[in-house]
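Please go through the structure below with a few questions in mind, each answered by reasoning from the coordinates to a value or a name.

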Amino acid sequence: MEVKLVARTLELIELFAEARRPLPLTELAQGLGAPMSSCLALVRTLVARGYLYEVRRRAGYYPTGKLHALSARIVAGDPWLELVRPQLVALRDAADETVMLGKIEDGDVLYLDVVEAAQPVRYAARPGARRPLHTSSIAKAILARLPPAEREAAAAAAAYTRYTDRTLATPEALLAEVGRVADRGWAENVGESVADLTGLAVALDLGGEWYALCMAGPTPRVWERRDEHVGRLRAAADAIRLGREGLGRGVPQ
């Protein structure tokens, strides 16, 4: 269950991230779908706490550097992202496709970190984005490593919205595909969520919790180099595992 005030505050931050310009109070209220009085109270609170400032009178508000500084400090303290990000960057540079670290969270796939390709036509995503479990190569890679009871419970809870004619539309279809993933050691999503988009993923154990590395891009481009990409994903997962083992007490076990 969402807390309305918290959700509205996060939506305001997302509005600025999308607009990337000062926004007047009226535009903020419209974007949030909130009364002017509620929006004004929220903005005044954030101004008082140093997160927003008024660029000039009646010219709109914009975030200060405080949010960025705090976010950078938080990210710097995350032992998993610090360990994984160099491998994500190396994967992106080698393949020039978008790569991600993700996990299953509350019945969805959550992207924890994303490094986008530089190509004009690419898979675009952001950290914090959520994707449906039944169409995600990340989910399939992780489900293949779970005990049967957990695997079946997750499959039974998925919504099975159909996005393309390749979408897996039943728990039985998903579980059958997960079984194939378990046999071969890597997962794929070929046009199941978006036509002409392919994702490849391998599972990764971090401190006893299953995550997955994923590479995604246009199907013709990714599929042509599928074996090469899967090999790189596996090598990156091995490098991360070895790096974690070398961190000792600095990383939660």
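**Strands, loops and a pocket**

In this predicted model, strand β4 (residues 108-115) pairs with β5 in the antiparallel sense, over three bridges.

Q: Which residue of β5 is the bridge partner of D108?
A: Strand β4 spans residues 108-115 and pairs with β5, and D108 has its bridge partner in β5. That bridge partner is P132.

Q: Which strands stand at the edges of the open sheet, each with a single partner strand?
A: Six strands form this open sheet, paired in the antiparallel sense and following the order β5-β4-β3-β8-β7-β6. One side of each edge strand is left without a neighbour in the sheet, because each has a single partner strand, and the two strands in that position are β5 (130-132) and β6 (187-190).

Q: By how many degrees are neighbouring strands of this sheet turned against each other on average, direction ignored?
A: The strands concerned are the six of the open sheet, whose pairing is antiparallel. With direction ignored, the average turn between neighbours in this sheet is 30°.

Q: Against which helices and strands do the buried residues of α1 pack?
A: Helix α1 covers residues 4-19 and reaches 22 Å from its first C-alpha to its last, close to the 22 Å expected at 1.5 Å a residue. Its buried residues are A7, R8, T9, L12 and F16. These residues pack against α2 (25-32), α3 (36-48), β1 (52-54) and β2 (61-63).

Q: Is Y160 buried or exposed?
A: Y160 lies in the loop between α7 (148-157) and α8 (171-184), and takes a positive phi of about 60° although it is not a glycine. Most residues other than glycine have a negative phi. Since the relative accessibility of Y160 is 12% and the cut-off for burial is under 20%, Y160 counts as buried.

Q: Is D196 buried or exposed?
A: D196, in the loop between β6 and β7 (197-206), is not a glycine and yet has a positive phi of about 70°. Its relative accessibility is 58%, and because the cut-off for exposure is over 50%, D196 counts as exposed.

Q: Which element supplies the largest share of the lining of the largest pocket?
A: The largest pocket holds about 1,300 Å³ of space and is lined by 31 residues, of which I13, L67, S71, V75 and P127 lie nearest its centre. At least two lining residues come from each of α1, β2, α4 (66-76), α5 (79-95) and β4. The largest share, seven residues, comes from α4.

Conventions
Residues are numbered from 1 along each chain as its sequence is written. This is a predicted model: local features need pLDDT of at least 70, side-chain atom pairs count only at pLDDT 80 or more; totals for chains, interfaces and linings use all residues. Side-chain values use heavy atoms; hydrogens and water are left out. Helices (H or I, at least four residues) and strands (E, at least two) are DSSP runs, numbered from the N terminus. The expected span of a helix is 1.5 Å times one less than its number of residues. Buried means under 20% relative accessible area, exposed over 50%, partly exposed in between (1.4 Å probe, protein chains only). Contact means heavy atoms within 4.5 Å. Two strands pair if DSSP finds at least two bridges between them. Axes are lines fitted to C-alpha atoms, for helices over the stretch in contact, and angles run from 0 to 180 degrees between N-to-C directions. On a 1 Å grid over the protein atoms alone, a cavity is a set of points where a 1.4 Å probe fits but cannot get out, and a pocket is an open set with protein on both sides within 12 Å along at least five of seven lines; lining residues have an atom within 4 Å of a point. Grid points are joined across faces, edges and corners, and a volume is the space filled by probe spheres set on the points.
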